[in-house]
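The following exercises are to be worked with the sequence and the model at hand. Each task is followed by a solution in steps.

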Amino acid sequence: MNRKHKEMLYFTAFRACALLVVLALVILVGYMVTGGLGKISLEFLTEMPRRANTEGGILPAIMGTFYLMVIVLVVSVPIGVMSAIYLVEYEQSSWMGRMFKLAVYNLAGVPSIVYGLLGLSIFVGYLGFGFSLISAGLTLSIMTLPLMITASREAISAVPQSVRDASTALGATKWQTIWHHVLPYALPGIFTGIILSVSRAAGETAPLMLTGVAMSLQTLPDSFFDSFMALPYHLFYMATQSSDLLATRPLQYATALVLLLLVLGMNMVAIVMRKRYRDKYKW
Amino acid sequence: MTTAIHAEDLNVYFDKNHALKGVTMDINKNEVTAVIGPSGCGKSTFIRCINRMNDLITNCTVNGKVMVDGTDINDDDVDVVDVRRRIGMVFQKPNPFPKSIYENVAYAPRLHGIVETVDGKVKRRKHTKQELDAIVERSLRRAALWEEVKDRLDKGGMTLSGGQQQRLCIARTLSIDPEIILFDEPCSALDPIATSKIEDLLVDLKKDYTVVIVTHSMQQAARISDRTAFFYMGEMVEMGDTKQIFEKPARELTEQYITGRMG
Ligand SMILES: Nc1ncnc2c1ncn2[C@@H]1O[C@H](COP(=O)(O)OP(=O)(O)OP(=O)(O)O)[C@@H](O)[C@H]1O
Ligand SMILES: [Mg+2]
């Protein structure tokens, strides 16, 4: 085999792997669309579930998952970004910084059910938030923090030192340099972190089961301290607990499709913003 | 000839590495002073003492005095932001911000605002759009870049050529009208034509500013500087009029270096 053929072989292998990923996505979406699209109607999207979730709509689950995503966005993003700034700009090589980094790496590997337990004991029990939207939202926020911190940290470290030097030499303080230069240039990477975190939070089931998700509700939560429904748990419930599993199969596909669209919708916003900032600050 | 900067017994350590050893020298106002010497001899370290950029390096300790206008810039009650506003720096690699040409130059004036005395009270206010426009134009003109970019001020600074980027960085430094400008090998990433433009500019700038330039090019030092300091292994070996340093250096080491006989 000559060199050219070898090149060809590697290229084909790489391409095949990449295509495999695309294929998996296509099959997944294809399944959900063919199985569930027929079930998606205005009623399905805007009404309460009826008869033990076998009929009616999934509005409470949509809203529940949406609220969870918003809580994660509001809690996890600022804390994550600020921790990342602290790590990169203030504790780059100190003992504290190294310990912190180690903690973040380890937190990223903790299974989500363990976060559920943590949420159960801290938010539900100790702080007395009960089985509620806020307990679940805060639990998911803690769970996604490592993702948020890691993505932001990488984005912030990637801003060249020469830019910081330039700003400092013009008489900017450290904070002014961070605010005017480091953060804006790191934004695309931070948006990637947001996409990952929020998607992850939207898809989680296990931690919710310990912190406040309900099987079926006839009302939307009207405060942070109410119990709530969520799309992934709803799916899990219908696929395993429902009285007539086969009858709800199309509903399951439809629910999965809605979940996917919700996550995709949120991600699209972040992707558009990311693109805007990438174009705005061209290296 | 008045003295702009007087460094006295300046010592710099990076952890235990004694990078600058008891440097004492005077830099004259409205002159170009060149700092030459082999790689690693402490040239950058020295000029970074003058605008306190070494503060950013955590394991770096600076001892000694750097007198500018009668005050030691290392004094505790000196505002480091003020030092850097009055003493600008241009770096080896052009480092414009990834923003528009206009924003690159307007950044520092915006940051500092205008300090005015109104009814005996010192007040800080923002620049008006017209004032900023004027500063941007004046700085770009002074950096000999205006004619080349005046029609595309809103284009990214990164879209310029290397030489233009370096002049943009000079314009950015001029935007807050410093008294002293430090250049750390400003031409080492540039081609000969861009280099000669910057050299002309430096000579022109000394009318209004005090210029200190670190350079690896002996020809460059000879061409543009009034006085030259030769550093070797962290010490300042010799300083004098450029002509004297290059024609009849007092020290053997200096002669070896400028004639290229140093190993
Ligand atoms: N950030 C730093 N951390 C540790 N040591 C440093 C640092 N910067 C410089 N040094 C050390 O200080 C000494 C002088 O370095 P400096 O950068 O001032 O040399 P230079 O004369 O500018 O060299 P060059 O011509 O290569 O730029 C060297 O021994 C270098 O290793
Ligand atoms: Mg240097």
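**Exercise 1.** Determine how helix 4 of chain A and helix 6 of chain A are oriented to each other in this predicted model.

*Solution.*
Step 1. Locate the two elements: helix 4 of chain A covers residues 95-108, and helix 6 of chain A covers residues 133-157.
Step 2. Two packed helices are described by the angle between their axes and by the distance between those axes. For this pair the angle is about 130°, and the axes are 9 Å apart.
Step 3. Angles of 65 to 115 degrees count as roughly perpendicular and those over 145 as roughly antiparallel. Helix 4 of chain A and helix 6 of chain A are therefore oblique to each other.
Step 4. Assign the hand: the crossing of helix 4 of chain A and helix 6 of chain A is left-handed.

**Exercise 2.** Identify the residues through which helix 4 of chain A and helix 6 of chain A make contact, and classify them.

*Solution.*
Step 1. Helix 4 of chain A contributes F100(A), K101(A), V104(A), Y105(A), L107(A) and A108(A).
Step 2. From helix 6 of chain A come P146(A), I149(A), T150(A) and R153(A).
Step 3. Sorted by character, the residues of this contact comprise 7 nonpolar, 1 polar and 2 charged.

**Exercise 3.** Decide whether S197(A) is buried or exposed, and name its contacts beyond its neighbours within four places in sequence.

*Solution.*
Step 1. S197(A) belongs to helix 8 of chain A, residues 174-203.
Step 2. The relative accessible area of S197(A) is 1%. Buried means under 20%, so S197(A) is buried.
Step 3. With neighbours within four places in sequence set aside, S197(A) is in contact with T144(A), L147(A) and M148(A).

**Exercise 4.** Place I122(A) in its helix and assess its accessibility.

*Solution.*
Step 1. I122(A) is found in helix 5 of chain A, residues 112-126.
Step 2. Its relative accessibility is 31%, so I122(A) counts as partly exposed.
Step 3. I122(A) and T139(A) are 17 residues apart along the chain, and their C-alpha atoms are separated by 9.1 Å.

**Exercise 5.** Test whether the radius of gyration of chain B agrees with that of a compact globule.

*Solution.*
Step 1. For 263 residues, a compact globule would have a radius of gyration near 18 Å.
Step 2. Chain B has 19 Å, which agrees.
Step 3. Add the extents: the C-alpha trace of chain B spans about 55 × 45 × 35 Å along its principal axes.
Step 4. Add the burial: 52% of the 263 residues of chain B count as buried.
Step 5. Complete the description with the secondary structure of chain B, which comprises 10 helices and 12 strands.

Definitions and conventions: Residues are numbered from 1 along each chain as its sequence is written. Chains are lettered from A and ligands numbered from 1 in the order in which they are written. This is a predicted model: local features need pLDDT of at least 70, side-chain atom pairs count only at pLDDT 80 or more; totals for chains, interfaces and linings use all residues. Side-chain values use heavy atoms; hydrogens and water are left out. Axes are lines fitted to C-alpha atoms, for helices over the stretch in contact, and angles run from 0 to 180 degrees between N-to-C directions. Helices (H or I, at least four residues) and strands (E, at least two) are DSSP runs, numbered from the N terminus. Angles under 35 degrees count as roughly parallel, over 145 as roughly antiparallel, 65 to 115 as roughly perpendicular and the rest as oblique. A crossing is left-handed if the near helix is turned anticlockwise from the far one by less than a right angle, and right-handed if clockwise. Contact means heavy atoms within 4.5 Å. Ala, Val, Leu, Ile, Met, Phe, Trp, Tyr, Cys and Pro count as nonpolar, Asp, Glu, Lys and Arg as charged, and the others, Gly among them, as polar. Buried means under 20% relative accessible area, exposed over 50%, partly exposed in between (1.4 Å probe, protein chains only). The radius of gyration is taken over C-alpha atoms; the globule rule is 2.2 Å times the number of residues to the power 0.38.
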